[in-house]
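Visitor: Hi, have you got a minute to look at a fold with me? I'd like to talk through how its helices pack.

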Amino acid sequence: MMKNSLEFRAASQTSSTQLVSIDDPSLSLHPSSKTPSRRLIHFAGLGHLKKYAAAPEAQVHKAFYDRQITKISGLHALLNGQAPDEGKQRFFSKASALWDGIKVFIVETLPAAITEGPFIGGVRPGVDDFHVGAWIARIAFVSGAQKSDEGVSALEKRFGPLPENVKAYWTAWIGRDSWVKAYPENALH
């Protein structure tokens with residue numbers, strides 16, 4: 001049904017700039033198992049993973065399960081205050097590098113990608129915009145914005161002044177009906 005809507009067809013026909021396919025490890029934008037957010041997803045199932053790994057039918061994949069349990073257990077120790085100082089330092093160094101990469105994306109890469117504006121692909125949002133818009137909403141939220149209209153100020157508090165076209169990008173997004181439906185009552189989540 002959605003594929004037949006005029007809005008979906010128009011958005012899917014907008015050319016993509018492939019901005020979201022950047023594969024730069026320093027940006028850590030891809031949800032690989034090396035990123036902290038991905039580890040939190042894995043962490044939620046640590047108990048189930050250990051239980052299943054002990055089952056007889058899982059023994060054929062024992063090496064895989066052991067590696068996953070080791071990775072997730074390290075994060076578990078960190079969150080419970082049981083990690084060694086070296087592990088804590090390594091985690092916080094990676095987290096700092098991740099935030100540095102996010103800042104570069106928001107204040108350098110994204111503004112350079114917005115050529116005609118207000119969206120990456122021009123007047124109408126394209127495929128890249130749907131990914132980047134939701135991602136920036138999450139970054140604004142974890143930076144302290146509770147409401148859509150607090151996004152720019154939260155991002156500027158974390159990263160410093162934003163380029164004007166990034167502010168216009170955010171304003172264009174939060175003014176769309178689809179945004180209001182996705183974030184009811186102006187609340188970011």
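Visitor: How do H5 and H8 sit relative to each other, in terms of angle?
Guide: This is a predicted model, and in it the axes of H5 and H8 cross at roughly 80°. Angles of 65 to 115 degrees count as roughly perpendicular, so that is the word for H5 and H8. Their axes come within 9 Å.

Visitor: Nice. Which residues meet there?
Guide: From H5, Ile106, Leu110 and Pro111; from H8, Asn165, Val166 and Tyr169.

Visitor: And what else does Tyr169 touch?
Guide: Leaving out residues up to four places away in sequence, Tyr169 touches Leu110 along with others including Ile114, Pro118, Phe119, Val132 and Ile136. Tyr169 is also among the residues with the most contacts inside the largest nonpolar core.

Visitor: How many residues are in that largest core?
Guide: It has 28. H5, H6, H7 and H8 each supply at least two of them, and the largest share, six residues, comes from H5.

Visitor: Is there a second core, and what does it include?
Guide: A separate core of seven residues includes Leu49, Ala53, Ala58 and Ile69.

Visitor: Back to H5. What is its span, end to end?
Guide: H5 has 29 residues and reaches 40 Å from first C-alpha to last, close to the 42 Å expected.

Visitor: Where is the kink in H5 centred?
Guide: On Phe105, with a kink of about 40°. Phe105 is one of the buried residues of H5, as are Ile102 and Ile106.

How values were computed: Residues are numbered from 1 along each chain as its sequence is written. This is a predicted model: local features need pLDDT of at least 70, side-chain atom pairs count only at pLDDT 80 or more; totals for chains, interfaces and linings use all residues. Side-chain values use heavy atoms; hydrogens and water are left out. A nonpolar core is a set of buried Ala, Val, Leu, Ile, Met, Phe, Trp, Tyr and Cys residues joined through side-chain atoms within 4.5 Å. Buried means under 20% relative accessible area, exposed over 50%, partly exposed in between (1.4 Å probe, protein chains only). Helices (H or I, at least four residues) and strands (E, at least two) are DSSP runs, numbered from the N terminus. Contact means heavy atoms within 4.5 Å. The expected span of a helix is 1.5 Å times one less than its number of residues. The bend at a residue is the angle between axes fitted to the seven residues ending there and the seven starting there. Axes are lines fitted to C-alpha atoms, for helices over the stretch in contact, and angles run from 0 to 180 degrees between N-to-C directions. Angles under 35 degrees count as roughly parallel, over 145 as roughly antiparallel, 65 to 115 as roughly perpendicular and the rest as oblique.
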